[in-house]
Amino acid sequence: RNKLTVCVCVHVSSPCACWMENCALGNPWQMTRSTCYADWRKARLRTTLLLGILCLSFCLLVPLFVLPPTCRTPIAAGADVSSQERPLVARRSAPKFRDSPGLWPNMRKLNTMTMDSVEAEEFVTEWLQADADSMIDLDNADKRQLRMVHNTLLKTFRPSGDIVRAADWYQRMLERGIRPNAPTFGKLIAVCASAGLVQEAEHWLDVMSAAMEPDIVAFSAVVDACSKAADAERAKHWFGRAVEKGLAPDYFMYVSVIDAHAQMGDGEGAAQWLQKGLAAGITMGIYSYNAVINAFCRSGDLPSANHWLDSAKAVGHELDITSYNTMLNALANSGDIDGAEKLMRRGMENGQQPDEVTYTTLVKAAIAKGDLHLAESWFDRFPSAGLKPALVTYGTMMSAFAEKGNVTGAQYYFDEAQRAEQRPNSHMYSSLMQAYVKSHDLESAQKVLQASLEAGHNPNNVVYTTLINAYAEKGDIDGATFWFDEARKRNVVMLLYTYNVMMKACAKARDWKSATTWYERAVADGCRPDAFTYTTMISASGSISGAESWLNRMCSARVSPNVVSYGAVLKTCAKSRHKDAGAKAYALFSRMLEEGIWPNTITYNALLQSLKNCKMARPAEAVFKQMIENGCKPDYYSRVYLARTVGADRMNEICAELGIEVEPDLRAKPSK
């Protein structure tokens with residue numbers, strides 16, 4: 001446009017200027033074509049020169065105002081150009097993250113890692129580091145794509161319930177200026193729900209509420225967290241909050257509340273919420289019916305569970321194998337193998353083919369009945385049914401043999417799992433170690449623990465405590481301490497139970513000073529002593545005054561003593577040779593009754609032994625008669641202690657009066 005203007009000025013104004021000049025001289029008509037043309041050529045030349053000067057000035061002055069100062073710095077004369085940063089000629093735009101060629105291939109790969117958060121985390125870290133140039137100047141479109149990447153990564157933490165790492169990536173989102181959306185918070189709450197972390201789930205819902213209005217997905221995830229924690233009341237609270245917000249609860253919210261009742265074994269509550277869902281027009285699927293069946297099975301109400309099994313079928317639901325397996329599990333826990341087999345046949349008649357869970361449950365039912373041969377028989381039926389035993393099936397068989405200290409059986413199924421190309425898990429190593437511990441082969445148990453470490457497993461507190469307890473039972477403080485320290489070296493969190501076992505080792509060795517040291521270590525490590533802790537310290541005290549002191553200390557800590565605690569004090573009195581031990585034991589026994597603690601046979605025997613040592617015949621007779629009146633059946637030692645206190649003849653008379661049969665060897669046994 002500017003060029004056209006210049007041309008017009010040149011072609012029009014130059015002839016006019018010549019004509020006006022001739023008019024001023026009085027010869028307006030002397031201007032010829034050649035004169036005008038010559039003047040026009042001169043004017044065009046002047047205009048061209050002027051335009052060239054203006055363009056050159058423009059090219060020289062514009063960089064001084066447009067380019068940044070660093071780009072205007074001249075290179076010093078004689079300087080090494082290769083070692084200096086070259087001045088920019090023009091600003092280059094940074095690559096955009098959304099235009100990265102690897103964006104969608106990497107997203108597809110990340111979506112395949114939803115069950116492995118560690119691998120996904122490493123992959124995203126390497127990916128973002130490789131695209132660091134595109135992360136410098138993010139616009140809204142880039143941030144939306146990055147938010148999609150982070151949300152997908154957060155989803156991978158759900159199976160493990162690792163909210164700490166998930167929260168760390170949420171913080172990285174904020175640091176990059178990425179604004180979280182509703183799916184971001186929904187996935188964070190879902191991670192908490194997976195681990196049953198109710199308070200953490202509620203915290204993230206509060207964070208979401210501060211940024212935006214929570215949706216039904218977020219509320220549903222919080223209700224699911226309450227369900228995993230078996231907190232039905234809290235689940236119903238958040239269900240009500242969602243309704244107050246004007247949100248319509250969906251099928252998953254109803255199922256979560258039903259599951260919460262099922263986890264508590266509240267069949268009636270679960271059935272009530274199923275009916276509420278139906279009344280709200282929600283199509284309740286077979287899973288909701290299975291949850292109600294599970295609730296009644298947990299409470300042992302098999303007739304009601306069977307009723308809801310029939311109800312699901314009556315409303316048109318096609319029963320799946322899970323429905324029957326839920327019922328089978330309840331029968332298995334009660335050891336009703338006959339009922340379990342009958343139910344399996346019923347399922348097969350309805351077209352349901354038993355799966356690995358079915359056969360594993362029948363194996364468990366046989367074990368609960370105490371019939372290991374029958375359990376092995378069901379295990380051997382896997383191949384004929386075209387199935388392969390799962391790893392949990394091998395673990396179930398190993399646990400059954402380990403409980404009985406049967407090393408041969410436990411080792412056999414451990415080896416069978418390896419032959420079936422199944423990698424034994426930490427639970428199987430723990431069961432095998434337990435089998436060796438129960439057979440008093442501590443050397444082999446230690447080898448199993450070492451093999452577990454070499455296999456890449458990290459034994460937990462239970463595994464180490466099993467080994468520590470083996471040494472504690474022998475009163476071997478050094479051996480127990482060695483494995484305690486080994487666990488601490490591997491950063492295993494030691495719970496109160498482990499400290500109690502260490503105190504028990506000291507009590508077995510009658511080393512009350514070491515027991516006190518371990519008690520103080522437990523308190524220093526943040527453990528709160530329980531009834532077992534104080535009872536162990538009472539047993540380790542070794543004196544009546546020490547035992548009574550720990551009993552009083554127990555009450556001061558607001559830990560309620562139980563019959564075992566008083567039994568430990570009375571045993572201390574029974575072992576004492578102090579002349580007032582019997583009277584002290586009788587006073588403590590009376591105190592126990594005043595606190596409403598019901599004595600058992602062991603407690604009565606400890607008291608009778610204390611009275612025997614102090615020759616307190618009348619109180620011994622009264623205690624023995626009271627024992628019968630309270631419905632506590634005396635055993636052999638009860639009659640021995642009475643006979644040695646009042647004499648064999650008097651003991652026979654008392655037993656005859658009370659209608660108690662006396663062993664032949666006690667009738668003529670003299671008192672001692």
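What span should the 13 residues of helix 31 (residues 601–613) have at 1.5 Å a residue, and how far apart are its end C-alpha atoms? The structure is a predicted model, in which local features need pLDDT of at least 70 and side-chain atom pairs count only at pLDDT 80 or more, whereas totals for chains, interfaces and linings use all residues. Residues are numbered from 1 along each chain as its sequence is written, and side-chain values use heavy atoms, with hydrogens and water left out.

Helix 31, where helices are DSSP runs of H or I of at least four residues, numbered from the N terminus, should span 18 Å, the expected span being 1.5 Å times one less than the number of residues; the end C-alpha atoms are 18 Å apart, in agreement with this value. Because ten of its 13 residues are buried, helix 31 is largely enclosed by the rest of the structure, buried meaning under 20% relative accessible area with a 1.4 Å probe and protein chains only. Among these buried residues are Tyr-604, Leu-607, Leu-608 and Leu-611, and the elements that cover the buried residues, by contact of heavy atoms within 4.5 Å, include helix 29 (563–575), helix 30 (581–594), helix 32 (617–629) and helix 33 (636–646). At the start of helix 31, a side-chain oxygen of Asn-600 comes to within 3.3 Å of the backbone nitrogen of Ile-602, while Lys-615, which follows the helix, has a positive phi near 55°.

Elsewhere, helix 18 (residues 372–379) and helix 19 (residues 391–403) pack at an angle of about 165°, with their axes 11 Å apart, and are therefore roughly antiparallel to each other, a term for angles over 145 degrees.

Note on methods
Helix = DSSP H or I, 4+ residues; strand = E, 2+ residues; numbered from the N terminus. Buried < 20%, exposed > 50% of the residue type's maximum accessible area, 1.4 Å probe, protein only. Polar contact = N/O pair within 3.5 Å; in protein donor to acceptor, adjacent residues only side chain to side chain. Axes fitted to C-alpha atoms, helices over the stretch in contact; angles between N-to-C directions. Parallel < 35°, antiparallel > 145°, perpendicular 65-115°, else oblique.
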